[in-house]
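User: I should like to go through the pockets and some strand residues of this protein. Please reason briefly before giving each result.

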Amino acid sequence: VHFSQFTADRMNLNPSMIGNFSENNSRFSIQRKSQWNSVSVPFSSFSSSYERKNIFNDYNLGIQFLNDKSGDSKLSLNQINLALSKNLNNLSIGAVVGFCQKSIDYTNLIFENEEQLLKYNYIYPDIGIGLSYKIFPSEILSYNFGISTFHLNEPNNSFYEDEIVNLPVKNNFYFKLEYDYLTSFTIIPEVFFTNQGVSNELLIGSQAEIKSKNIKIIPFTYYRVEDAIILGFGIMKDNLTANISYDINVSDLSIASNNRGGFEFSIIYLWEKKKQRINNYTEEICPKYL
């Protein structure tokens, strides 16, 4: 699963960020990406999540559904994640437990030698943890740093009946600076680094928030080192934010892809749960003689 808008669904980034919003107590997001249409059968990823802040004693709850499908074999992942986080002043800690199901279709695959791939699907648990720290040196400046680890239990990730292939531990490192340059203009540089097994990825870039009357315009640009340039644009009105982005492929695969990567969009909605009003007064009837 590879989202370029890596902060849209925070459970993929860091479970400690669940419920990390100030003015509302509920957050819903959907996100979809389709890529490599110019090279092969498209790889598509979809995520949907709900977060609820302060369900009890500063604990936050999150639930996520994740679907990923790729290639001629229709290699598919369906995953449900449950996350819990707690705010400790500027520090937040969180944990996530996932229940995953992977499947594959061998119909369109051709093997030179007969393969004993007897399993068409399997189920496994997935565990992750994270922490994040946010500090406000001044009214116009804030820093946010986070570190998270996924696949702590290193689940078996093989379709062979008698073979164990452990899913490597994945580590995410995230840093964000938010600076209110003007009353109507905020700049947000970000750095995201991830490591899993022998694979590493570094993504750097920035987004800006331009306030205009009752809407907020959010252009952003990122560079995934030696892989893609990401150009995107978002609009926020009231509590609703919509983003769209495109990956321009600049890796060695660009010869085949013609620099075409993939589209991605996300929608985020935040709201405040209305509290039931309780009337603490008793009705009094005016005397008739008045």
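User: What volume does the largest pocket have?

Analyst: The model is a predicted one. Probing with a sphere the size of a water molecule shows where empty space remains around the atoms. For the largest pocket, the volume comes to about 1,500 Å³.

User: Which residues of its lining are closest to the centre of the largest pocket?

Analyst: The lining of the largest pocket comprises 49 residues. Strands that each supply at least two of them include β8 (170-182) and β10 (199-212). The residues closest to the centre are N20, F21, K176, E178 and E209.

User: How many residues in the lining of the largest pocket are charged?

Analyst: By class, this lining holds 16 nonpolar and 20 polar residues. The remaining class of the largest pocket's lining is the charged one, with 13 residues.

User: Which residues lie nearest the centre of the second largest pocket?

Analyst: The second largest pocket contains about 1,200 Å³ of space. Its lining is made up of 42 residues. Nearest the centre of this pocket are V1, H2, H151, K170 and Q196.

User: Which strand gives the largest share of the lining of the second largest pocket?

Analyst: By class, the lining of the second largest pocket divides into 16 nonpolar, 20 polar and six charged residues. The largest share of that lining amounts to five residues. The strand that supplies this share is β4.

User: Is L77 buried or exposed?

Analyst: L77 lies in strand β4, and its contacts beyond four places in sequence include V1, L66, C100 and Y124. The relative accessibility of L77 is 10%. Because a residue under 20% counts as buried, L77 is classed as buried.

User: What distance separates the C-alpha atoms of L77 and N67?

Analyst: Along the chain, L77 and N67 are 10 residues apart. N67 is nevertheless one of the residues that L77 touches. Their C-alpha atoms are separated by 5.5 Å.

User: Why does S85 count as buried?

Analyst: S85 belongs to strand β4, which spans residues 75-88. Among the residues it touches, leaving aside those up to four places away in sequence, are P15, D58, Y59 and I93. S85 counts as buried because the cut-off is under 20% and its relative accessible area is 2%.

User: Which residue has its backbone oxygen 2.8 Å from a polar atom of the side chain of S85?

Analyst: S85 touches S16, I18, N60 and G94, among others. The 2.8 Å distance runs from a polar atom of the S85 side chain to a backbone oxygen. That oxygen belongs to I18.

How values were computed. Residues are numbered from 1 along each chain as its sequence is written. This is a predicted model: local features need pLDDT of at least 70, side-chain atom pairs count only at pLDDT 80 or more; totals for chains, interfaces and linings use all residues. Side-chain values use heavy atoms; hydrogens and water are left out. Helices (H or I, at least four residues) and strands (E, at least two) are DSSP runs, numbered from the N terminus. Buried means under 20% relative accessible area, exposed over 50%, partly exposed in between (1.4 Å probe, protein chains only). A polar contact is a pair of N or O atoms within 3.5 Å; within protein, one must be able to donate a hydrogen and the other to accept it, and residues adjacent in sequence count only if both atoms are side-chain atoms. Contact means heavy atoms within 4.5 Å. On a 1 Å grid over the protein atoms alone, a cavity is a set of points where a 1.4 Å probe fits but cannot get out, and a pocket is an open set with protein on both sides within 12 Å along at least five of seven lines; lining residues have an atom within 4 Å of a point. Grid points are joined across faces, edges and corners, and a volume is the space filled by probe spheres set on the points. Ala, Val, Leu, Ile, Met, Phe, Trp, Tyr, Cys and Pro count as nonpolar, Asp, Glu, Lys and Arg as charged, and the others, Gly among them, as polar.
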